[in-house]
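Biologist: I keep meeting words like "buried" and "salt bridge" in structure notes. Could you show me how such labels are earned?

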Amino acid sequence: MYQNQVVLTRERRRFGRQCMFEDRNELMVSVHPSSRLRLKYIMGNPQTRSMQLSSVMAYSEVETENATFDEHGMFHYEGGWPKEVNMNDEEQTLRHRKKVERDDAWGEEVKTLIRSTMNTARQNNAINIYSHFFDDIPPETGRTICMPFVSRTINIIHDMWQPQRHMSIINWMPNNNKQIMTQYSNLYALNNDNRRMVTEDPTNGSTNAFYIWDVKNPIKPLYYYDSMEVVACAKLCPKEENNLAAGTYSGKVCTWDTFEGGMPTNICPMEAAHREMTSSLVWVYSKLNTEFYTASLDGSIKFWDTRDLKMPSNEIFLEPRPQYRQLRQDAHGCTVLEFEYTIPVRFIAGTDMGSIFVGNRKGINPVEMLVGNYQICAGPIRTIHRNPFFVKNFLIVGDWRVRIWCEEVKNRPSTMYVKKRSQLMCGAWSTGRASLFVTGDIEGVVDFWDLLLNHNKPIYSINFRSTITGVVFQPGGQHLAISLANGDTHIMNLDEAMKRTTSKEKALMAAMFEREITRSKLLEARVDEIKLRRRTLLMEQEEEEERKSKAAAVEEVVPDLELDPDNPDQFIKMIESDEQFRLALAHFHETLEAVDRKRAAEKKVMERTDFEQFYLDNLAEQAKLEEARKKRAGSITSKEARELRAAKKKAAKAKGKK
């Protein structure tokens, strides 16, 4: 069994020997001082310099879980029984009662329960629940008594790079409310700022990358999307979350596969790109969910398809007066685009001149595509957002005001407008309540406005002390994502009153919008009436002035000539002296001659009845038969035949007389 063996033998003193250490001084190098170098030595003041690349800091992160508490009540009709006692069995319950009553502590426990029960009963009997109290107090007293609104930041998402980049756009995932996309723009590279940027995790792309996060895990992103150029705006397709498109600061357009990340899969060439920064991007309705529009400050809107980015499918310029041949120099720079899937034909564009352009997707040429444009704000349009409950009404944020506009009303807002002292940067309607919307300004203040509570001041405000670049509600309306210019994203849990809508809120908002639209239409009709009256007065004044000028001219030409009915020669001379009448008479004669020439050139076709046509057809057939008989050899015509028959009859009559 043990045929193959290897035996190693060694002396006992050869292994397990103790290591012995000793200290000794040994001269390795000896450098003697140099007198030449001593002369070059300069005494300097004490200085403190840091040798590390970055400052040493202690950093720790803790993520806590939210505890949810619920209150439940129950009615004790029979009382609490032990598990071993069946409450439906009378014998078991009777034995258990006798057992408990024999206990000495039972009497004291009953007395304690009776005292607490009697106190509760006396309190209930002290107040008549069927009586109406405080009826004499006026109702205006309690209007100002209300609970203050509260909100809580449940998470903060920081940029992966230090110093943090500028936050441009945030977007919730369409089919997953727990994931959010944060898009950053590296403005340091655009401004040629040679600032060194550091990241703790270099596996998440370069300084141009943007990410998709889990709301509960702000430490590491789920996916990252990188690019060779600085990204200006990025959007996920609402109907197909696998499609992600973005525009760069150089004007190019690129697409990614959402669940793969990395570098873009398709990039448009430079000759097909915008001439300036891609300012806005929006996905539009299509059967395959592959079409989207991009806008730029160069005044153009380009139509793209993700299957082919070599050239845009169409391009239009935002001209105030569109023509078939458009000019780029007359176009307004586009800052924001808006599209609603429930209205697949329309799209809306906001410009840097404060105008709103309404577009028609079914148009063939620019005149048919640009239905109208309206001057709304004094500065650039920042945000256009439709109300999710009333899609015809949308929010327009620009300069220092927020306007609520409707497509049915032209040239003016359909309802009120909200204004602030600081410039507004963004705004959004709530997805949970029809009357609530949020605005963010340049000073970092986020204001919550409720149209049913107050039109003059916000119901709740939060100061973040950094410019607000975007506010987006979660599709369910439970959370609010706020992006700051310093690169942070705050996920806020709102108050219960801001999340849930009441049964009457939609009806009240519908009545408010309808009332304001009616009021605006009445004002518009009144303005049109005033304009028409003014135009009529101006036309009457012009006619009066023209009549006076003609009378003065006639008096100058024929001052001594008077209209005499008995002297037609003077009347003819007066008519001939009027130059306008002579031109009108010449034009009248030319018109008559043109009508005569047109009538002479017309070919008159005489219409016949069916009987006349039948008679003419018979005559034509007879003529054809006679011509055919003439062509035969020795044949006679019908006239000769009649004459021959008449001669034979005469001869027969003569013989009969004889």
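Modeller: Gladly! Buried means under 20% relative accessible area, exposed means over 50%, and partly exposed is in between, with a 1.4 Å probe and protein chains only as cover. This is a predicted model, where local features need pLDDT of at least 70, side-chain atom pairs count only at pLDDT 80 or more, and totals for chains, interfaces and linings use all residues. Residues are numbered from 1 along each chain as its sequence is written, and side-chain values use heavy atoms, with hydrogens and water left out.

Biologist: Why is Cys254 called buried?

Modeller: Its relative accessible area is 2%, and the limit is under 20%, so Cys254 counts as buried. Cys268 gets the label too, at 2% relative accessibility.

Biologist: How do you know that Cys254 has no bond to the closest cysteine sulfur?

Modeller: A disulfide is a pair of cysteine sulfur atoms within 2.5 Å. The closest cysteine sulfur to that of Cys254 belongs to Cys268, at 7.8 Å, which is too far for a bond. Searching the whole structure gives 0 disulfides.

Biologist: What makes Asp159 and Arg165 a salt bridge?

Modeller: The term asks for a side-chain nitrogen of Lys or Arg within 4 Å of a carboxyl oxygen of Asp or Glu. Here the N to O distance is 2.9 Å, so the pair qualifies. Asp159 is buried at 6%, and Arg165 is buried at 0%. The whole structure holds 20 salt bridges.

Biologist: Which parts does the salt bridge of Glu505 with Arg433 tie together?

Modeller: The closest N and O atoms of Glu505 and Arg433 are 3.2 Å apart. Glu505 lies in helix 7 (residues 505-557), while Arg433 lies in the loop between strand 24 (424-429) and strand 25 (436-441), so the pair ties together parts 72 residues apart in sequence. Helices (H or I, at least four residues) and strands (E, at least two) are DSSP runs, numbered from the N terminus. Both Glu505 and Arg433 are buried.

Biologist: And what separates Glu516 from Arg519?

Modeller: About one helical turn, because they are 3 residues apart in helix 7. Their closest N and O atoms are 2.7 Å apart, in a salt bridge. Glu516 is buried at 12%, whereas Arg519, at 38%, counts as partly exposed.

Biologist: Why is Phe134 called exposed?

Modeller: Phe134 reaches 65% relative accessibility, and the label needs over 50%, so it fits. Phe134 sits in the loop between helix 3 (106-126) and strand 1 (152-157).

Biologist: How do you know that strand 28 and strand 29 are joined?

Modeller: Two strands pair if DSSP finds at least two bridges between them. Strand 28 (residues 468-473) and strand 29 have 5 bridges and run antiparallel, so they pair. One of the facing pairs is Phe473 with Leu480 in strand 29. Strand 29 is also joined by 5 bridges to strand 30 (residues 489-493), again antiparallel, with Ala481 opposite Ile491.

Biologist: What makes strand 29 mostly covered?

Modeller: In strand 29 (residues 479-484), 6 of 6 residues are buried. His479, Ala481 and Ser483 are on one side, and Leu480, Ile482 and Leu484 are on the other. In a regular strand the side chains alternate between the two faces of the sheet.
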